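Colleague: Give me a close look at one part of this model: the strand pairing. I'd like to hear how the strands line up, and where that ties in with the chain contact.

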Amino acid sequence: MVDSVTAKLRQAPLNAVHRVLGARMVDFGGWEVPVEYPSTGGLVAEHKAVRVGVFDVSHMGDIRIHARRTSGASLAAVQYITMNDASRLAIGQAQYSAMLYPEGTFVDDVIVHRLGEEDFLLVINAGTREKDNSWVSEHSKGFDFTVVDLSDSYTQLAIQGPRAVDLVQKLTYANLNKLGNYWFTHSRLCGLKNILIARTGYTGEDGFEIYIPSDPKTSGDVWAMVMSAGHEFGLIPCGLGARNTLRLEARLSLYGHEISNSINVWEAGLERFCKMEKGEFIGRAALEKAKAAGLTRTLVGLEMIDRGIARDGYRCLNEGGEAIGVVASGSPSPTLGKNIALAFVPPANAALGATIYVEIRGQKSRAGVVPIPFYKRARTIAPQIES
Amino acid sequence: MTYPTTYRFTKDHEWIDIEDGLGTIGLTDYAQCQMGDIVFVELPAVGATLEAEKPLGTVESVKTVNEIYSPVSYEVIEVNSELKDAPEQINSDPHGSGWLVKVRLKNLVEIAALMDAAAYEASLAPPKEA
């Protein structure tokens, strides 16, 4: 009835900690991850707790691309294999980007961190780790640099919510108020030297992602220090379930849903992260053609008018009952108290306020096209621009 | 939570409380724990006739959609209308106020195929750790 963990799954270093906390564990891209912690209130409580919550996202992958300082090879490679313009990144800055197939569809979305002049860290998805690594290796032949898969070297914790800054500040001397959105620093954290602290996340809230050595002892110690530092702010551990509802409200894409190997950049609505003018990159030619041909489907936000929840994969229908599209992600929204969804529909059906129908167990249920993101946080932090 | 000893249970985690040929059907505590916060319930209409092991309705949590199956064959005589606005009652009181439907049983012999509380609890024993 409910998905449970059976096959041999990969376990991140904090697996035992989550089990002690009574987390419900599920399979996510071959990894055993905590989906929610019933003992601390479960998914909805976790979602609402993301005033400050901590997520173990160690299953995510990390690829480092580096070369001699003056060679230009790393930057050239990153520019070629990702769609955003990495040349705009200062050292210490990160950007949302994606690796594309020649068809202009998605290998994966990534966060590109510029560690040095010729040193980049790409943070990638769990389910696509092996594919991403071979993609990078294969398409960077001819560039004179080194690619290292660091995925198993890090325990990655995402500390998210408006109070995250106060929490993380207790653990480090780095001045976090000076760290803008999508900037990072290397600093002492929890007594550990040279820890990557990035003001990034996947919740739509302010927050940080920290990358600590993955041995279970260090990971467990840092987890305990974070929990104890967070006590005064009401920190609770949050699972992948709350991570998903938070990212959906913030309209952040999830691989296999809003982006995939059959969805292109324009359809996914990610043009602001795709810099056609930067020069050649994989997927560019196809995107130019696709743009000239015009969109056949586009991503819209839906809010259910009738009762019922539009779920991933449900069909979208027009008034006459003909299939016109598909739901990419759908869920109740704990923040809004409504049932929301992201769906692909033809541009003709995508106008704000338009009514479309979602087929829920054979029933035509009314939904309205609404602006996205569904939820936008109040911006309170130093506004260095996301590039 | 303990499972009421007068109830009978299915492997799909429904319970039925039977008295004088009438039954009340709900979801077990184990089921609601596994699903998490329940946000939506879809139930049949009063008067509907359902067969054992056929879908009786749908329960959705934030994360999952779950079909509920009929433990036995019956006619629906009452639907828990409070669940429409307060589906979380299934979480807070799965064996009581979170009941789903009241029914008139068609074939009392079918009860023999259901588990008692002890057998049901035994079936929930956690899988061995690797």
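Modeller: Ground rules first: two strands pair if DSSP finds at least two bridges between them. The elements themselves are DSSP runs numbered from the N terminus, with helices (H or I) of at least four residues and strands (E) of at least two. Keep in mind that this is a predicted model, where local features need pLDDT of at least 70 and side-chain atom pairs count only at pLDDT 80 or more, while totals for chains, interfaces and linings use all residues. On labels, residues are numbered from 1 along each chain as its sequence is written, and chains are lettered from A and ligands numbered from 1 in the order in which they are written.

Let's start with chain B and its three-stranded sheet. In chain B, three strands line up as S4-S6-S7 in an open sheet with antiparallel pairing. S4 and S7 of chain B sit at the edges with a single partner strand each, so each has one side left without a neighbour in the sheet. As for the twist, neighbouring strands of this sheet are turned by 25° against each other on average, direction ignored; the axes behind that angle are lines fitted to C-alpha atoms, for helices over the stretch in contact, and angles run from 0 to 180 degrees between N-to-C directions.

Zoom in on one pair of that sheet. S4(B) and S6(B) run antiparallel and are joined by four bridges. One pairing to click on is Phe40(B), whose bridge partner in S6(B) is Glu60(B).

This is also where the chain contact comes in. Sixteen is the chain B count, if you like it spelled out: the contact takes 16 residues from chain B and 15 residues from chain A. Contact here is a backbone-based criterion, with C-beta atoms placed from the backbone that lie within 7 Å. On chain B, the elements that each supply at least two residues to the side touching chain A are helix H1 (29-35), strand S4 (38-42), strand S6 (55-61) and strand S7 (65-69). H1(B) gives the largest share of that side, three residues. By type, the side of chain B that touches chain A splits into six nonpolar, six polar and four charged residues. In that count Ala, Val, Leu, Ile, Met, Phe, Trp, Tyr, Cys and Pro are nonpolar, Asp, Glu, Lys and Arg are charged, and the others, Gly among them, are polar.

Now for the other sheet of chain B. Six strands make an open sheet in the order S1-S2-S3-S9-S8-S5 (chain B), again with antiparallel pairing. Its edge strands are strand S1 (8-9) and strand S5 (49-50) of chain B, each of which pairs on one side only.

Which strands of chain B form a hairpin with two residues between them? That would be S2(B) and S3(B), and Asp20(B) in the turn has a positive phi of about 55°. Strand S2 (residues 14-19) and strand S3 (residues 22-27) of chain B pair in the antiparallel sense over six bridges. If you want to check the register, Asp17(B) has Thr24(B) in S3(B) as its bridge partner, and Ile18(B) stands opposite Gly23(B) in S3(B).

From S3(B) you can carry on to the next strand in the order. S3(B) is joined to strand S9 (residues 101-105) of chain B by four bridges, and the two run antiparallel. Ile25(B) stands opposite Val101(B) in S9(B).

Chain A has a hairpin worth putting on screen next to that one. S18(A) and S19(A) form a hairpin with two residues between them, and Arg361(A) in the turn has a positive phi of about 45°. Strand S18 (residues 355-360) of chain A pairs with S19(A) in the antiparallel sense over six bridges. Ile360(A) stands opposite Gln363(A) in S19(A).

S19(A) also pairs with another strand. Strand S14 (residues 298-304) of chain A and strand S19 (residues 363-370) of chain A pair in the antiparallel sense over four bridges. For the register there, look at Met304(A), whose bridge partner in S19(A) is Ala367(A).

Key. Contact = placed C-beta atoms within 7 Å.
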